[in-house]
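User: Please explain how the terms applied to this structure follow from their definitions.

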Amino acid sequence: MMQFTETPLPPLHQITTPISNPTMNKNRPWPAGFPTSKSLGSFGDANCMEQLLVHCVNAIESNDATLSQQILWVLNNIAPPDGDSNQRLACAFLRALIARAARTGTCKLLASMESAHFNLAIDTHKFSIIELASFVDLTPWHRFGYTAANAAILEAVEGYLVVHIVDLSLTHCMQIPTLIDAIANRFEVPPLIKLTVAGAIEDVPPLLDLSYEELGSKLVNFARSRNVIMEFRVIPSSYADGFSSFIEQLRVQHLVYAESGEALVINCHMMLHCIPEETLSGIHSTNSNTYSYESPSISSFRSMFLKSLRSLDPTLVVLVDEDADFTSNNLVSRLKSAFNYLWIPYDTVDTFLPRGSRQRQWYEADISWKIENVIAHEGLQRVERLEPKCQWIQRMRNANFRGVSFAEDAISEVKTMLDEHAAGWGLKKEDDDIVLTWKGHNVVFASAWLPA
């Protein structure tokens, strides 16, 4: 078996020692179920990579540095950062596991290896507005939700003179210009638009290189150019406490303006999964007075947030998010869920970005950030806590919302948008909701809700 020494190791992707290395202890059992061929090629399929990662997790969590290094060494050989989509996926998980060892203090020898030999920092890009607008248009990942939500919003606000849009989005209002255009084209006299955003997710990719105040000024000027009057407001807030201060300020606004008959639209685009859920129940005791709806011991900030939205009696709530489950406190379960979902962005990138392009580097850095957050972080620092569509539907129903179907015009718009992208993308309807798919696998869901 290989031993840790003071001799510097080569970079992560340059380890080329053959698997028949005579320094390996042949008496130590190799994890059950793996081939014994001297050729690394037999390890190259995704299922085997996933099993290697699982065994590596178990070795790291049990503080077995020797076995951990052996598995990491094999993964180094079969998962270069510039390989095919499965290899790049496995490489990102490998980096995340080493980062976890460094953060948690398990396998201290691996942690020292991380700090001494490997530069695992993820270089996430800060986008300009133009760069980010172009970036999100490359793939339906976000455009799907934008298109479905905008169609539902236009239908819901018909006849209102004032429309208050609360935009809870990870993509920094990139949906709004298209919505402004649609409002300008649809209504002879466009309604006054009040746009309120949560200033909360500065550390979650994609990152923006300007303040929300500057962003708001640009959006207001763009709306004016389309003969739409817009007001813009940022409410400082935090996903860590379930946006409690944000909700309280919305409630005050709503009490002031409710009698004016304005439409209130809550647009939730891939941000709500950052709110803590039941597996973080240990933090509730420090915020027991944040909400008054239920005892925090029997509910999560996520459920309480939705109930607080219901108390505002909104005209429409649109919920768009990724259809996966990253909530397990069991690291192996979480790794398996993430591995079997996050292959999709690596697989799709080959259809719209060439190797070596700057945008591709930005794109894959953001995926790597997500993987590291899921694997290497715990507690409030682990914000990538995706829940599947079925769980969100149950939460919305428990909060006294009822689902409504997207109109045929909305579905037609989504299909037209998908025609602009690679053939692997698809659309399916599940009850009242619609789902974006890649090669038949669920990717993102969109749902629309009214107060029950």
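The exchange below sets values against definitions.

Analyst: This is a predicted model, in which local features need pLDDT of at least 70, side-chain atom pairs count only at pLDDT 80 or more, and totals for chains, interfaces and linings use all residues. Residues are numbered from 1 along each chain as its sequence is written, and side-chain values use heavy atoms, without hydrogens and water.

User: Why is E408 called exposed?

Analyst: E408 has a relative accessible area of 59%. Exposed means over 50%, buried under 20% and partly exposed in between, with a 1.4 Å probe and protein chains only; E408 is therefore exposed. Its place is in helix α14.

User: What makes E155, E408, D409 and E413 a patch of negative charge?

Analyst: Asp and Glu count as negative. A patch joins like charges within 9 Å, from residues with over 30% relative accessible area and no salt bridge (a side-chain nitrogen of Lys or Arg within 4 Å of a carboxyl oxygen of Asp or Glu). These four residues gather in such a patch on the surface, and helix α14 (residues 408-418) gives the largest share, three residues.

User: How do you know that strands β9 and β10 pair?

Analyst: Pairing requires that DSSP finds at least two bridges between two strands. Six bridges join β9 (residues 425-430) to β10, so the two strands pair. They run antiparallel, and D433 in β10 is the bridge partner of E430.

User: Which strand do five bridges join to β10?

Analyst: That strand is β11 (residues 441-451), antiparallel to β10. W438 has H441 in β11 as its bridge partner. In the turn of this hairpin, K439 has a positive phi of about 50 degrees.

Key:
Patch = residues over 30% accessible without salt bridge, like charges linked within 9 Å, V, L, I, M, F, W, Y side chains within 5 Å. Areas by Shrake-Rupley, 256 points an atom, 1.4 Å probe, with all protein chains shown as cover. Charge placed at Lys NZ, Arg CZ, Asp CG, Glu CD. Helix = DSSP H or I, 4+ residues; strand = E, 2+ residues; numbered from the N terminus.
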